[in-house]
Amino acid sequence: MSYLSQLRTFVDVCRWGSISKAAIRLGISQATASAHVQAIEALYGKRLLVRGPSGIAPTSAAEDLVERVANHLDALDMEIGSRMSKNPPEIARWVDLLIQDDLFDESLLPFFCKLTSAWPRVRLSNGNEKACAERLHHGTVDIAIALLPQKISGYESTRVKAIDYAFLILKNGRTSVIDIMSADFSLNVSPLILYDGIRSYVMNALTECHRAHPIATMIEVDSARAAFSLVSSGLGWSLLPVSYCQEAQMKPYERQSKAKFQREVFILWNIKSTRRDGLAKMKKGLIQSLIGGVIL
C-alpha cells in the first residue's frame, strides 16, 4: 500500500501546526486530513502529534519523520508539477493568491501572466483591508498584494510602491481635489465617507483644522472603491487615491502636489509555502512585474 498522500498531509500538518490549515492548502476536507494523520500514526503504532497551546505540535518521532521525508516529497511535487504544467487540468497543487479590493485592476495583468506561466493553477481571492488581514493571520495564503501597515507573522513583505491620496468631491460632473484647510470649504457640504486605512489620518487632520466645526454626517464603507462610488455619485467626499481624480488630464507633478497622504503597497510571501513550493525563485520577477505596472 502507498502512503504518499498520507505522508504529504502529515508533513503539511506538522509544518502548519493545524489540520484545518493543511486541509485547505491541499484541497481536501478536514476529515480526510485527520484520517491521513491517523493512518500514519497507525503505521508507526504511536501518537506522533500532540495538541499544545498554540496548535498541533509534532513529537520528536514526528520531527524525525518529517526531516527524512519532507525534502523528497517536495522534490516529487515539483517534478510532477513541472511535467503536468504542459497539461494544466491534471495539476494537483494550487497557489493561493490574495489581492486587496482597492488594488484589483488591469495593472496586475503582467503579474498574473508571470505567475500563471510558471504555476498554472492559482486560487484567487479578494477582500477589503480587514478581511485581508484576517486571512493573512490565519496563515493559509501563499502570496498577497495589500495595503497593510503592520507586519504579519509568518510572512515576508516587500514594498512595491506608494500611492498618493487626496480629498476628493464631485464638482461639475467630475471628481476633483478639494482643500479641506481652506476657509471656504464647509465640512458639512455633504457627508464625509470613511473606510479602513484612512480613518485615523482623516480624523486627526480634521481635528487640527476644524476644531470649532464638527462633522455632522459621516458614512462608513468597507473599501476605497466603495467610497469612490459614493463620491462620484455626488453623495459625499473622502480621502482617496489621487489617480481616482477626474480633473482634466492632471500631469504627474500636479497630482503629486495635491497629495496629502501616502499608503504603501506590499507583496507578502508566506515563508513556509513559498519556500516549499519553489515560488521563492520567482520573487524577483514577480516584484518587477508589479513595479513595472501602474497600480491604481
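In this predicted model, Phe228 and Tyr244 are both buried. The protein comprises eleven helices and eleven strands, and 45% of its 296 residues count as buried. Among contacts with a separation of 6 or more, 74% join residues 24 or more positions apart. The exposed surface amounts to about 15,200 Å², of which carbon and sulfur atoms supply 53%.

**Aromatic pairs**

- The count of aromatic pairs in the protein comes to four.
- One of these is formed by Phe228 and Tyr244, a tilted pair with 4.8 Å from centre to centre and 45° between the planes.
- This pair links distant parts of the chain, with Phe228 in helix H8 (residues 224-232) and Tyr244 in the loop between strand S10 (238-241) and helix H9 (252-258), 16 residues apart.
- Tyr165, Tyr201 and Phe261 are joined into a cluster by ring pairs.

**Helix H8 and the loop after strand S10**

- The residues Ala224, Ala227, Phe228 and Val231 of H8 are buried.
- These residues lie on the same side of H8, because they cover an arc of only 100° around the axis.
- As background, residues three or four places apart in an α-helix point the same way, because the helix has 3.6 residues a turn.
- The packing partners of the buried H8 residues are strand S6 (155-171), strand S7 (174-177), strand S8 (192-194) and S10.
- Gly234, just after H8, takes a positive phi of about 80°.
- Val242 is found, like Tyr244, in the loop between S10 and H9.
- Val242 has a relative accessible area of 3% and is therefore buried, the limit being under 20%.
- Val242 and Ser176 are 66 residues apart along the chain, while their C-alpha atoms are separated by 9.2 Å.

**Helix H6**

- Glu129, Cys132, Ala133 and Leu136 are buried in helix H6 (residues 129-138).
- Viewed down the axis of H6, the buried residues fall within an arc of 100°, so they line one face of the helix.
- These buried residues pack against strand S3 (95-100), strand S4 (122-127), strand S5 (143-146), S6 and S11.

**Arg263 in strand S11**

- Arg263 is located in strand S11 (residues 261-270).
- With 9% relative accessibility, Arg263 counts as buried, because the category covers values under 20%.
- Beyond its neighbours within four places in sequence, Arg263 is in contact with Glu129, Leu147, Pro149, Lys161, Ala162, Ile163, Tyr165, Asp196, Gly197 and Ile198.
- Among these contacts, Glu129 is one of the buried residues of H6, and Tyr165 is a member of the aromatic cluster.
- Leu148 is 115 residues from Arg263 in sequence, yet the C-alpha to C-alpha distance between them is 8.7 Å.

**Helices H1 and H3, and Cys14**

- Two packed helices are described by the angle between their axes and the distance between the axes.
- Helix H1 (residues 4-16) packs with helix H3 (residues 30-44) at an angle of about 100°, and their axes are 8 Å apart.
- H1 is therefore roughly perpendicular to H3, because angles of 65 to 115 degrees fall in that class.
- On the H1 side, Ser5, Gln6, Leu7, Thr9, Phe10 and Val13 meet Ala33, His36, Val37, Ala39 and Ile40 of H3.
- Cys14 also belongs to helix H1 and is buried, with a relative accessible area of 14%.
- Apart from neighbours within four places in sequence, Cys14 is in contact with Leu49, Pro58 and Val66.
- Cys14 and Ala57 lie 6.7 Å apart in space, C-alpha to C-alpha, and 43 residues apart in sequence.

**Asn172 between strands S6 and S7**

- Asn172 occupies a place in the loop between S6 and S7.
- The phi of Asn172 is near 50°, a positive value in a residue other than glycine.
- For context, most residues other than glycine have a negative phi.
- Asn172 is exposed, with a relative accessible area of 83%, because values over 50% count as exposed.

Definitions and conventions: Residues numbered from 1 in each chain as written. Predicted model: local features only at pLDDT ≥ 70, side-chain atom pairs only at ≥ 80, totals over all residues. Heavy atoms only, no water. Helix = DSSP H or I, 4+ residues; strand = E, 2+ residues; numbered from the N terminus. Buried < 20%, exposed > 50% of the residue type's maximum accessible area, 1.4 Å probe, protein only. Contact = heavy atoms within 4.5 Å. Areas by Shrake-Rupley, 256 points an atom, 1.4 Å probe, with all protein chains shown as cover. Phe/Tyr/Trp six-rings, centres within 6.5 Å; stacked < 30°, edge-to-face > 60°. Arc of directions from axis to C-beta. Axes fitted to C-alpha atoms, helices over the stretch in contact; angles between N-to-C directions. Parallel < 35°, antiparallel > 145°, perpendicular 65-115°, else oblique.
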